[in-house]
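User: I'm new to this one, and I'd like a close look at a single part of it. Could you start with a sheet and then follow the links that lead on from there?

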Amino acid sequence: MLSTRASRLRLAALVVAAAAMTGSSPGTARAACASSTPAAQSFTDDPFDGELGLAPEITSVDVSLGAACDLVVLPRLGDRSETAGLIIDEAVSTYIDVDGNPATGSPLWGGADRVVQVIGRNGADLPPALGTWTGTEFSFAAAVALPVVGAGGFAATLDQLGAAAPTTLGLRVTSSWIGLRDTYDDFAPAPGSASFAFAVSFTTAAAAQPAGAIAPPAPAVNTAQSRARCTVPKVRRLSAAAARRKLDRAGCRSRVVRVGSRLRSGLVVSTRPAAGAVTGRVVVVRVAARGRQT
C-alpha cells in the first residue's frame, strides 16, 4: 500500500495521465475471457475495528461477476457516503490474488498480483488505479484508470486483472487516512486471517458451432464505402430539370452548377464525369447561366 502523502501524490499524477489515455489497459492484447458465470458474494467485516475510528470503517466487501467477464468490487464504508466519496488524504485499496497462487504475488497481501487504489481529494475522488506486483512492490508506472463504483469501489474485466483461467480470487481490502502524525487503517479481513475467497468461472474461447447450424449473417455492407455506380447518360442541351430526371432514372446522384456559356440560359452545357462514364460519385451538371462568366 502507498502509505505516504508523497507516494499518493505521485500515484495521483499517474492516474490523471492514465485517465486521459485510451486502449492502454493490461490484458487487452489477449482476449482470455469470452464469457463468465454470474456470481455474487458479500463478505462482512467488524464494523468497529477501524483504527481509532479515524480510517474509513469497512463494514463489508460486496463482489459480483457478470456474464461478460465484468467484475465489480464494492467495499461498504459505514461512515462514508457512497455518493460523496472519500475526503482528502483518505484511500481505499483492494488487493487481488488473481491466480490462486500466493507464491506469485505480494507476501504481505496474501499473494496479491494486482491492487486497485482509490484516492480521496477535494471534489471528486481520483478514478481507481490498477497496479501490478513486480516481485518487490506494486507498480503504477503503467497505471490504468478503472470505472469507479460507490466510494472506493471499482469495475474491471477479468482480462484487465490478468485472470488467465477459472480460479478463486483472493481479496483483501484496506482503508486509510493520513493524519498529521500517523496513518490510520482498517483491514478487511483482519491481518492474519485468510483472504476473502471469490470463485470465478469463465470460458476462454467462443463455444464451437454445432454441426448443421446456420451461419450468422454477413455483416452489413458499409454503404458509405460501397455506393451504387451508374453510367452517366447524355444530357447535353436538355433543361436542368429534365437532365436531373434522366440522371435519377440512371441511378446517378447529381448536383447543378451555373457556368457561362453561349447556349441558351438553363440548358445543360456538359457533365462531369462526361456521358458514358461509369461512376459512384456525384455527377456535376453544368448549366448555362445568363451571359458569359469568366
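How many strands form the open sheet, in what order do they come, and is the pairing parallel or antiparallel?

Analyst: Before we dig in, keep in mind that this is a predicted model, where local features need pLDDT of at least 70, side-chain atom pairs count only at pLDDT 80 or more, and totals for chains, interfaces and linings use all residues. Residues are numbered from 1 along each chain as its sequence is written, and side-chain values use heavy atoms, with hydrogens and water left out.

Now the sheet. It's an open one made of 5 strands, and they come in the order β2-β3-β4-β10-β9, with antiparallel pairing. The names come from DSSP runs numbered from the N terminus: a strand is a run of E with at least two residues, a helix a run of H or I with at least four. Two strands count as a pair if DSSP finds at least two bridges between them. At the edges you'll find β2 (39-44) and β9 (148-149), each of which pairs on one side only.

Start at the β2 edge. Its neighbour is β3 (residues 58-65); the two run antiparallel and are joined by 6 bridges. If you want one spot to look for, find phenylalanine 43, whose bridge partner in β3 is valine 61.

Move along β3 and you meet a salt bridge, meaning a side-chain nitrogen of Lys or Arg within 4 Å of a carboxyl oxygen of Asp or Glu. By this rule there are 3 salt bridges. The one to look at here pairs aspartate 62 with arginine 76, and their closest N and O atoms are 2.7 Å apart. Aspartate 62 sits in β3 and arginine 76 in β4, so this contact ties together parts that are 14 residues apart in sequence. Arginine 76 is partly exposed, with a relative accessible area of 30%. (Buried means under 20% relative accessible area, exposed over 50%, and partly exposed in between, with a 1.4 Å probe and protein chains only.)

Next, follow the chain past β4. Between β4 (70-77) and β5 (90-97) there's a loop, and aspartate 89 is in it. The backbone does something worth a glance at aspartate 89: phi is near 75°, a positive value in a residue other than glycine. Most residues other than glycine have a negative phi, and most peptide bonds are trans.

This stretch also has two more salt bridges to look at. One links the side chains of arginine 80 and aspartate 79, at 3.5 Å from N to O. Aspartate 79 counts as partly exposed, at 37% relative accessibility. The other links glutamate 90 and arginine 80, at 2.4 Å from N to O. Arginine 80 is in the loop between β4 and β5 while glutamate 90 is in β5, so that pair ties together parts 10 residues apart in sequence. Since they share partners, these salt bridges join Asp79, Arg80 and Glu90 into one network. And where does glutamate 90 stand on exposure? It's buried, with a relative accessible area of 0%.

Glutamate 90 is also a handy stepping stone to another strand, as it stands opposite tryptophan 177 in β11. β5 and β11 run antiparallel and are joined by 8 bridges. Strand β11 (residues 167-178) is mostly covered, with 10 of its 12 residues buried.

β11 has other partners too. It pairs with β12 in the antiparallel sense over 6 bridges, and serine 175 stands opposite aspartate 186 in β12. A hairpin makes the connection from β11 to β12, passing through 4 residues. With β13, β11 is joined by 5 bridges, and those two strands run antiparallel as well. There, leucine 171 stands opposite phenylalanine 196 in β13.

One last stop is just past β12. Alanine 188 and proline 189 are joined by a cis peptide bond, with omega about -5°. Proline 189 is found in the loop between β12 (183-188) and β13 (196-200). Further along there's another cis bond to check, from arginine 272 to proline 273, with omega near 5°. Proline 273 is again in a loop, this time between β17 (268-272) and β18 (278-279).
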